[in-house]
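Thank you all for coming; I would like to use this slot to walk through one chain, going from a local feature outwards to the way its parts meet. Please have the sequence and the model open while I talk.

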Amino acid sequence: MVTVNQDVSRVIAAGTATSPGNVLAVLRDDGPMTRQELRARLGLSRATLMERLDTLTRLRVIDTVGHRASSGGRRAALLGADQTSRVAVVAHLGASLATVGVADLRGTVLAVHHERLPLGHEPRHVLPWLLDTAREQLSSLDRYADLAAVGFAVPGQIDHETGVSIMPPTMAAWRDQPLRDAFADGLGVSVQLENDANALAYGEYLAAGSPNSTVLGVWIGSGIGAGVVIGGLPHRGATGCAGEIGHIRIEDRDERCGCGRRGCVAALASGTALVRQLRSDGVRALPDVLRRVEAGEPRAVSLATDAGRLLGTVLATVVTILNPHRVRVGGEIGSLRPFLAGLRETLGEQAPEVAARGLDVGPAVLGDLAPLVGMAGLAAEAVFAPAAIDEAAARSRPS
Ligand SMILES: [Zn+2]
């Protein structure tokens, strides 16, 4: 883990509205700007501004992004945040699928690898594989030296204080794993952990390019999760489990759920539920379900549509509470057309008209990369945070 020594802490405590981190924040929020505009905005002397810009250039977080004609006929350089010089390792782990990649801090995915995992997989096998794959990707892209952060999306609840994930029952072997420390020790940079449905929602929020819009993200793979971006950031709730809709109980249903209770929506409308419902047809695992639905097999299509309809009724309540601009649906099951059609049908029927009016419900526009793009965005927020920049500036100061 990165520790802050006492000297650095003092520098941070003394940080002012014109510290390097805050200069960068102004450029990110209101840039690009010329040096003159930045100086007028911050009320800095020319020498101080130059010193701040030197620091930010040394940290590779600002760049010349264009030019603007100025009064004297000379073209003035426009400065902006540099989101492409540094990269993040981004990963998404599920009950039966892992994705690991490298993205720049703008969210462009530069390398990606999907790996199907056996149900019941364990951290002692999967974590070293994730780290090795990320290292190989960084090396083959020749971007190892540019690594700034890790973003890791996982299902279930996260204790953001300790960096420990409290995984769903289908991933019991991952319970109470110190995931943040594992990645920080393995790759030597800071680590952002986020619920995967929140990561999906954040990726889709960034892709929509509509600041401050409310986006509900729903991920349906082996399990079911939802996440929401409100006010430009994922909403985590009091104990980090906002949006865990998979274990909402459906009245009069008795199917046993992996959580130990009965009648949960995850026991009826998830990938795991569809595998069970199609077992008598010879289905053994999630890929069999996907193949059959995509091939148009009537029973598989009908069950996927019903699963979507059932989840749509739950989402009608969620949409009533949140009144989002967009609902984006992802995951292997969520990407199936009959499932999404069923979901749209009941959501449209059962949400109150005022919440449903103009509501944009559709598949994740980023597809299965949505959680990775979301994690790249969250990694960027952490790297560019004023306190993180000021700490990096204090540590990098030439002695
Ligand atoms: Zn349950």
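Before the first feature I need one definition, namely that two strands are taken as paired if DSSP finds at least two bridges between them. Please also keep in mind throughout that this is a predicted model.

With that in hand, let me start at the hairpin that β5 and β6 form, which has four residues between the two strands, and in whose turn G107 has a positive phi of about 105 degrees. The strands run antiparallel, and seven bridges join β5, residues 97-104, to β6; to give you one register point, T99 has H114 in β6 as its bridge partner.

Now to the division of the chain, where domain 1 covers 6-82, domain 2 is made of 87-199 together with 372-382, and domain 3 takes 208-371. Between domain 2 and domain 3 the C-alpha centres are 23 Å apart, and the contact draws on 25 residues from domain 2 and 27 residues from domain 3. About 2000 Å² of area is buried between these two domains, with carbon and sulfur atoms giving 56% of it.

What does the rule find in the way of salt bridges across the interface of domain 2 and domain 3? There are two salt bridges across that interface, and, for polar contact, the count there is 14 residue pairs, both residues being at pLDDT 80 or more. On the side of domain 2 that touches domain 3, at least two residues each come from β6 (109-116), which we met in the hairpin, and from β8 (157-159), β10 (190-195), α7 (196-208) and α14 (370-384). The element that gives the most to this side is α14, with five residues, and by character the residues of this side are 13 nonpolar, nine polar and three charged.

Let me stay with charge for a moment, since side chains of opposite charge can pair when their charged atoms come close. The side chains of E194 and R236 form a salt bridge, at 2.7 Å from N to O. Over the model the rule gives 22 salt bridges, and another of interest joins the side chains of E381 and R28 at 3.1 Å, N to O. This second pair links distant parts of the chain, as E381 sits in helix α14 and R28 in helix α2, residues 20-30, with their positions 353 residues apart in numbering.

Next, please turn to an open sheet of five strands, whose order is β13-β12-β11-β14-β15 and whose pairing is mixed. Its edge strands are β13 (233-234) and β15 (360-363), each of which pairs on one side only. Within the sheet, six bridges join β11, residues 215-220, to β12, residues 224-230, and these two run antiparallel; here V215 has V229 in β12 as its bridge partner.

I will finish with two backbone details that deserve a look on the screen. Which kind of peptide bond joins G31 and P32? The bond is cis, with omega at about 0 degrees, and P32 lies in the loop between α2 and β1 (33-34). The other detail is D176, a residue other than glycine whose phi is positive, near 60 degrees, and which lies in the loop between β9 (164-166) and α6 (179-187).

How values were computed. Residues numbered from 1 in each chain as written. Predicted model: local features only at pLDDT ≥ 70, side-chain atom pairs only at ≥ 80, totals over all residues. Heavy atoms only, no water. Domains from an automatic or database assignment. Contact = heavy atoms within 4.5 Å. Buried area = accessible area lost by both parts, 1.4 Å probe. Salt bridge = Lys/Arg side-chain N within 4 Å of Asp/Glu carboxyl O. Polar contact = N/O pair within 3.5 Å; in protein donor to acceptor, adjacent residues only side chain to side chain. Nonpolar A, V, L, I, M, F, W, Y, C, P; charged D, E, K, R; others polar.
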